[in-house]
Amino acid sequence: MLASLLVAPVLAASVPEEPADARQAPEPAGERPVDTTCVDRAGACEEVVVASRAAQSRADTTAAVQVLDRARIEASGVATVGALLRTVPGVQITTTHGGTAVRQQGMDPKHTLILVDGRPVAGRVDGTFDLDRLPLADIERVEILSGPASALYGSEALGGVISIVTRRGGGPARVEVSARVGERRLVEAGAGVSGGAGAFSGRVSANVRGEAGYDLDPVDVATSGDAIDVAGVRGSARFDPAGAWSVEADGAWQRREGKGIDATATGAVFDRHALEESADVAVTTERWPGGAHVSRATLSGTLWRQQLLSDQRGSDVSDVWAESLDRRLTLALSHRFVAGRHFVVGGVDGTAEALDSDRVAGGHADRLRLALYAQDDWRLTDSPRVSVSPGARLDLDELFGWHATPHLAVRVDPVPSLTLRASGGQGWRAPDFREMFLWLDHAGYGYVVEGNPALGPEASWGVTGEARWAPVVASGRAAGPRAPVSLSVGGWWNEVQDLVDVTLLEEGTAGSPARYTYGNVARAVTRGGEAGVTLALGDRLSVEAGYTFTDARDRADDRPLDGRAPHRVAGSFSTTPLSWPLTLSTNAEWMGPRPYTDDADVTTWTAPTVLVDARLSLRVGTHLELETGVRNALDARDEETLGLAPRTFYAGLTARGP
């Protein structure tokens, strides 16, 4: 497999001359390379990055990529990435102690890598990155790659990758302002300014979001959902002269505060307060000396600070206060080039990470990582189209040594309207600092959790397959724009070994709490299938629906994994039925019963849940849009396992203009 990558330039010299619509036409030195074969339903070129870590036309990728673009984001009426992803087949949104989390192909949230502008995010809590931290007002698109992706991205990408691309500036100066208010003190507001002049372009934005907590069980004083207040700013600037290079800088800062009330079985009441602050900055330079070569270098840094307070009412014996500071510095170097039928990418990743916390033995932990990766997206034939994409990555982790993760994807288009894809690969995940070093003191709740520095990495292998049908509209070209309808069906199988899980060290007694730690004690299998349909009739009607079947089991204990619904149906519907610009949008999800196993190994199943959001919007002129809507319209309740907020009505407006 690696040999194919190394000899790709040599093989390219032996292939026949490319047809006129070949994969990449050469361009004069100093001009940015452009993929000339991209044809989607609109006859335009839609670029994605997640499939190869380099800009590539979505129509030309060997791996299957789902894309939620800006138009769908605006039509959805939701405010966060978590709510947006609820309608995607194969993706399950759940609520954990760490916030709103995503599961891909039935795997844990810690097995999905979350990227923002191509960089891994910091600030996971209990393995979860809270997707509600990301306001949709700042996001241009979300790219979803399912299945093992460690061959490109390394640790954490066992189940897949969610790549979030933020909005950038350019063109004439524009201003966008939005505001939304609703029940339970709901406030969502944002403002952004973008534009460009000459070689310079940029964008700056600010957002706030807040809502009151809620209590669905008035029997005690404990709250079911926390009160949340979030504020953040984000900015980017780009210098893109006429020469063969560019430089871009971006940064973001966010503050998130949560407040709630806990009650224990002994009657103790705790006021809980969590404050998280994050700061990210990155500088990226690109150079394209002509032909089909692009070199890219990114230096980025992240700070994430968390402060936790658990204050027992009427006593200070069980009070807990903890502070953690996570710092990460990353240097990523990459190069991509097109040689004949080969789209080759390769690069080097280097990361230094450090954690300072009073919950860590010695107060400090750090580690270094270095990795080499390469992938060749190789189109073997054009009619019928056959492509293969071998790739591999070699990681060196200071704490866990060397890890090699190969991957192979195959695409066959037997006819222009049918695409068949299959892929398989290995994955791995290094235990995080929390699992290895942190001490979680919840003695007031009857337990403590101790980190285990002897943990080993998790490992997996998996296969994924998909068939997608979309008829081709007749045109003067061999392959014209696709018709506004498509059908897809797919499946996956993942085997995971050495899973890190919580194990009991010592039973609790009347005078001391129970002691837990982490160990590589679990094995699991996740397998399933999905089917989807999309339909779009101009600007009048858009329908997307999907069904997902998931069978996820603990191999060691022969029981279903907690929280995975075997059956799930989700979809979205948007229509503009009248001649005037009034649009109705709905998002719906039916989640079947989910299993949960207690400490006595008794498994119970929850009732199914139906979650519906609806939004009605009216465009007034060219610059103003008014809206009203409802979240959780059926007032679905499942506070114990999903953390669903009660039904909430809202109204808002968005103004855009020069």
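## Starting at His567

Leave out the neighbours within four places in sequence, and His567 is in contact with Tyr547, Thr548, Phe549, Trp590, Met591 and Gly592. This is a predicted model, and His567 is a handy way into it. The residue lies in strand S30, which covers residues 567-575.

Is His567 buried, exposed or something in between? Its relative accessible area is 35%, so His567 counts as partly exposed. For a sense of distance, take Arg527, which is 40 residues away from His567 along the chain: the two C-alpha atoms are separated by 12 Å.

## A five-stranded open sheet

Now to a sheet lower down in the numbering. Its five strands follow the order S3-S8-S9-S6-S7, the sheet is open, and the pairing is mixed. At the edges sit strand S3 (66-68) and strand S7 (119-120), each of which pairs on one side only.

One pairing in this sheet can be followed residue by residue. Strand S6 (residues 112-116) runs parallel to strand S9 (residues 160-166), and five bridges link the two. Look for Leu113 and you'll find its bridge partner in S9, namely Val161. As general background, strands of a sheet pair through backbone hydrogen bonds, in either a parallel or an antiparallel way.

## Two nonpolar cores

Which residues have the most contacts inside the largest nonpolar core? They are Leu85, Val142 and Ile164, in a core of 22 residues. At least two residues of this core come from each of helix H4 (81-85), strand S4 (91-96), S6, strand S8 (139-146) and S9. A second core, separate from that one, has 15 residues, among them Ala149, Tyr153, Val161 and Tyr373. Val161 has come up already, as the bridge partner of Leu113 in S9.

Val142 is worth a closer look. With neighbours up to four places away in sequence set aside, Val142 is in contact with Gln66, Val67, Leu68, Leu84, Leu85, Ile162, Ser163 and Ile164. That list includes Leu85 and Ile164, which are also named with Val142 for having the most contacts inside the largest core. In soluble globular proteins, nonpolar side chains tend to be buried together.

## Antiparallel strands S21, S22 and S25

Further along the chain, strand S21 (residues 401-415) and strand S22 (residues 418-429) run antiparallel, joined by seven bridges. The two make a hairpin, with two residues between the strands. Within this pair, Leu408 has Gly424 of S22 as its bridge partner.

S22 also pairs with strand S25 (residues 458-469), again antiparallel, and here there are twelve bridges. In that pairing, Trp428 is matched with Ala459 of S25.

## Glu435, a buried acid

Glu435 lies in helix H6 (residues 433-437). Is its place buried or exposed? Its relative accessibility is 2%, which is under the 20% cut-off, so Glu435 counts as buried.

The side chain of Glu435 has a polar contact of 3.0 Å with the side chain of Arg429. Arg429 also turns up among the residues in contact with Glu435 once neighbours within four places are left aside; the others are Lys110, Gly451, Asn452, Leu455, Val500 and Tyr518.

## Backbone oddities in the loops

Three loop residues are worth checking in the backbone. The peptide bond from Ser383 to Pro384 is cis, with omega near -5°. Pro384 is in the loop between strand S19 (364-382) and strand S20 (385-397).

Then there's Arg184, with a positive phi near 55° even though the residue is not glycine. Arg184 belongs to the loop between strand S10 (174-182) and strand S11 (186-197). Asn632 is another non-glycine residue with positive phi, near 55°.

## The loop between S35 and S36

Asn632 sits in the loop between strand S35 (624-631) and strand S36 (648-657). Its relative accessible area is 3%, so Asn632 counts as buried. Asp638 is in the loop between S35 and S36 as well, and with a relative accessible area of 11%, Asp638 is buried too.

Which residues does Asp638 touch, not counting those up to four places away in sequence? They are Arg594, Thr609, Gly643 and Leu644. Ile73, by contrast, is 565 residues from Asp638 along the chain, and their C-alpha atoms are separated by 26 Å.

Note on methods: Residues numbered from 1 in each chain as written. Predicted model: local features only at pLDDT ≥ 70, side-chain atom pairs only at ≥ 80, totals over all residues. Heavy atoms only, no water. Pairing = 2+ DSSP bridges. Helix = DSSP H or I, 4+ residues; strand = E, 2+ residues; numbered from the N terminus. Buried < 20%, exposed > 50% of the residue type's maximum accessible area, 1.4 Å probe, protein only. Contact = heavy atoms within 4.5 Å. Core = buried A, V, L, I, M, F, W, Y, C linked by side-chain atoms within 4.5 Å. Polar contact = N/O pair within 3.5 Å; in protein donor to acceptor, adjacent residues only side chain to side chain.
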